[in-house]
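Biologist: Could you walk me through one part of this model up close? I'd like to hear about the nonpolar patch on the surface, and how it sits in the chain as a whole.

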Amino acid sequence: MSGQLVGGEVEEAVAALEAALDQLTGLALYPLTQDELLTLLRRFETFRRRMPAIDHALVGELEARSVAEALGVRNTQAVLRDVLRLLPGEATARVQAARWLGQRETITGEVLEPVFPQVAAAQAVGEVSPEQARVITMSI
């Protein structure tokens, strides 16, 4: 693991995901039938499409905690560029997606649904890709 978490349930979930990825990375795919291979491909696409929902929560938490200010950088995009070595456009896209598709919180702590709740819900279950979500939210 690249870093240790201390969040109990969060650490357990991330460790389980890492272990599953490690196991799957080492498995041979040649024994699968064509139908099994296509089913696996579809399932992995669903997993891939669900990952941004977690990213939205992480980026939203960075913003809620003013991590950029604490680190002495300009904004959350700069945090993502520095910590994840993202290109500026990718960092900006992730922050914007988190603002539109992640849960929000009022200044008093009330939790609000995402700006685009249907798109966020579809992404959370893997029905839309990040690019599809971007196109939908940009066209509304």
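Modeller: Sure, terms first: helices (H or I, at least four residues) and strands (E, at least two) are DSSP runs, numbered from the N terminus. This is a predicted model, where local features need pLDDT of at least 70 and side-chain atom pairs count only at pLDDT 80 or more, while totals for chains, interfaces and linings use all residues. Residues are numbered from 1 along each chain as its sequence is written, and side-chain values use heavy atoms, with hydrogens and water left out.

Now the patch. Leu-17, Leu-21, Met-51, Ile-54 and Leu-58 make it up, and together they have about 470 Å² of accessible area (Shrake-Rupley method, 1.4 Å probe, with only the protein chains shown counting as cover for residues). To join a patch, a residue needs over 30% relative accessible area and no salt bridge, and nonpolar side chains (Val, Leu, Ile, Met, Phe, Trp, Tyr) are joined within 5 Å. A salt bridge here is a side-chain nitrogen of Lys or Arg within 4 Å of a carboxyl oxygen of Asp or Glu.

Helix 1 (9-25) and helix 2 (34-64) each give at least two residues, with helix 2 supplying the largest share, three. Leu-58 sits in helix 2 and counts as exposed because its relative accessible area is 55%; the cut-offs are over 50% for exposed and under 20% for buried, with partly exposed in between (1.4 Å probe, protein chains only).

Zooming out, the chain has seven helices and two strands, in the order α-α-α-α-α-β-β-α-α from the N terminus. Of its 140 residues, 21% are buried.

Definitions and conventions:
Patch = residues over 30% accessible without salt bridge, like charges linked within 9 Å, V, L, I, M, F, W, Y side chains within 5 Å.
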